[in-house]
Amino acid sequence: MSFKVAIIGRPNVGKSTLFNRLVGKKLALVDDTPGVTRDRRVHAAKLYDLHFDVIDTAGFEDAAASTLPGRMRQQTEIAIREADLIFFTIDAKSGLMPDDRTFAEVVRKSGKPVVVVANKAEARGAQGGMLEAWELGLGEPIPVSAEHGQGMPDLRDAVIAAIGEERAFGEDEEEPSDEIAVSEVLIGEDIADPDADPAYDDTKPLRIAVVGRPNAGKSTLINALIGEERLLTGPEAGITRDSISVDWDWRGRRIKLFDTAGMRRKSKVQEKLEKLSVQDGLRAIRFAEIVIIVLDATIPFEKQDLQLADLIIREGRAPVIAFNKWDLIDNPQELLAELREKTERLLPQVRGIQAVTVSAETGRGLDRLMDAVTKTHKVWNSRVSTGKLNRWLEGILAHHPPPAVAGRRLKIKYVTQAKTRPPGFVVSCSRPDVMPQSYVRYLSNSLREAFDLPGVPIRMALRTSDNPFAGRAKKR
């Protein structure tokens, strides 16, 4: 029986650093700027022989509920309710602040077991701050350095003392999942390759990344899909910073949703923290299977939207477009026809892409969006037999053979599918280096239409068969 630990405290005391230390991976973004973490993040953790789930939370601030800090505090209060044990984290270097005393009272009222973690204990003068922590009345402070890994044995002993040996060493309900946590890539760990070519399997969690410009409604969309206020939302642009993963079950199918930070044009991204957020979002794209591109229906197809779509296609992910904020549109039929025309014209490399109108605010169109996701995922995994491909090729060559280059006609011998996820085909031909790209596009579009492969990238690789006589000396 596992238990949950929530790490709480005011901003900039090192909660995310301690979270990363416990999970053994750099999952949470860490920066000197106060208030980096905004959403709560849950992950399996290990402290020597203790196994548990740990929750990273936003800095606890005393603010009105309607403000961003107030909404962040509400997320932290949810984490306190979910947790079996609380790590009340203070900065031993700076000592107690008024907010520490205020939040200590909140924790005391929760009635949950508490361990006071005096972080940054390696700093000069930290002894005084650690002694001050006794004033909180929450028990003995445990000096640690989350950044350097110091004090972890004492923290382990404090956990056992707080919840008891029976709870601390209870059997885990199940082994830790092997599902991808998108930021695991930060430290270059070996993880499942999303481009592998297994048979289509709808029993494995479907990895979906939700991307878009700031304030397009990504977090609101995920909250609407899962039916709870899991992610922090609001009118402010750029609320999400980390790529947060959320497990969900839709019609019996396991889904892993990744919320990402809003991506602005590269020239506008100046701050280090925003750069880290964008890099985390790009990793989410690379390790997803489906990428939902959330567009603001009131201002769709900005330049950044198209660049983002192009990146997703080049990475070989399966894109689905969600035109969000449809409840704000006055002339829906007229705009829908215009958006469909623009989609086909601006994204010809994924002709037939699934595009759905939704309203994350009202919940309209969410089932249609997930149906589009499921359909696109099947196409992305689809395979065509070599026999069917070559019968198709015979008709293509009879109707529109490849052109002659420098007076010599190009010959295509056969075509076969080499991989799926996305569909990749190998075309055996003479002189692949001079094959016109226009003819390759013609083959790709004809193949897409003939075998019903709409809305996903198609890879075409040209190969020439080896000449058995190449390199052999001429007979004299």
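**Figure 1. Asn 12, in the loop between S1 and H1.** This view of the predicted model starts with a residue whose backbone stands out a little. Asn 12 has a positive phi, near 70°, and is not a glycine. Is Asn 12 buried, exposed or partly exposed? Its relative accessibility is 33%, so Asn 12 counts as partly exposed.

**Figure 2. Helix H1 (residues 15-23) and what covers it.** Follow the chain on from that loop and you get to H1. Of the 9 residues in H1, 7 are buried, so the helix is largely enclosed by the rest of the structure. Which residues of H1 are the buried ones? They are Lys 15, Ser 16, Leu 18, Phe 19, Asn 20, Leu 22 and Val 23. The cover over them includes strands S1 (4-8), S2 (41-47), S3 (50-56), S4 (85-91) and S5 (114-119), along with helix H5 (152-163). Right after H1 comes Gly 24, with a positive phi near 80°.

**Figure 3. An open sheet of 6 strands that includes S1.** Read across the sheet and the order is S2-S3-S1-S4-S5-S6, with mixed pairing. S2 and strand S6 (142-143) are the edge strands, each pairing on one side only. Look at S1 and S4 and you'll find a parallel pair joined over 4 bridges. Ile 7 sits opposite Phe 87 in S4. Lying across S1, S4 and S5 is helix H3 (residues 98-110), which runs at about 170° to S4.

**Figure 4. Another open sheet, also with 6 strands.** What is the strand order here? Go across and it reads S8-S9-S7-S10-S11-S12, again with mixed pairing. At the edges are strands S8 (244-250) and S12 (355-357), and each of them pairs on one side only. Ignoring direction, neighbouring strands are turned by 25° against each other on average. Zoom in on strands S7 (residues 206-212) and S9 (residues 253-259): they run parallel and are joined by 5 bridges. Leu 206 stands opposite Ile 255 in S9. Helix H11 lies across S7, S8, S9, S10 (290-296), S11 (318-324) and S12, and its direction makes an angle of about 165° with S11.

**Figure 5. Where helices H7 (residues 218-226) and H11 pack.** The axes of the two helices are 11 Å apart and meet at an angle of about 95°. That makes H7 roughly perpendicular to H11. Which residues make the contact? From H7 come Leu 221, Ala 224 and Leu 225, and from H11 come Leu 366, Leu 369 and Met 370. Sort the residues of this contact by type and you get 6 nonpolar, no polar and no charged.

**Figure 6. The largest nonpolar core, with 51 residues.** Two residues here, Ile 208 and Leu 221, touch the most other members of the core. Helix H11 (residues 366-380) supplies the largest share, 7 residues. Set aside the neighbours of Leu 221 within four places in sequence, and its contacts are Val 210, Ile 292, Val 294, Val 358, Ala 360, Leu 366 and Leu 369. As background, nonpolar side chains tend to be buried together in soluble globular proteins.

**Figure 7. Gly 316, in the loop between helix H9 (303-314) and S11.** Is this glycine buried or exposed? Gly 316 has 0% relative accessibility, so it counts as buried. Val 456 is 140 residues away from Gly 316 in sequence, but the two C-alpha atoms are 8.0 Å apart in space. Apart from neighbours within four places in sequence, Gly 316 touches Trp 380, Arg 421, Pro 422, Pro 457 and Arg 459.

**Figure 8. Arg 421 and Pro 422, with a cis peptide bond from one to the other.** Two of the contacts of Gly 316, Arg 421 and Pro 422, get their own view here. The bond from Arg 421 to Pro 422 has an omega near -5°. Where is Arg 421 found? Look in the loop between S15 and S16; Pro 422 has its place in that loop too, with S15 spanning 412-419 and S16 spanning 424-429. Phi of Arg 421 is positive, near 55°, in a residue other than glycine. Arg 421 is buried, with a relative accessible area of 8%.

**Figure 9. The whole chain, for context.** Step back and you have 13 helices and 17 strands. Of the chain's 476 residues, 51% count as buried. Take the contacts between residues at least 6 apart in sequence, and 71% of them join residues at least 24 apart.

Conventions
Residues numbered from 1 in each chain as written. Heavy atoms only, no water. Core = buried A, V, L, I, M, F, W, Y, C linked by side-chain atoms within 4.5 Å. Buried < 20%, exposed > 50% of the residue type's maximum accessible area, 1.4 Å probe, protein only. Contact = heavy atoms within 4.5 Å. Pairing = 2+ DSSP bridges. Axes fitted to C-alpha atoms, helices over the stretch in contact; angles between N-to-C directions. Parallel < 35°, antiparallel > 145°, perpendicular 65-115°, else oblique. Nonpolar A, V, L, I, M, F, W, Y, C, P; charged D, E, K, R; others polar.
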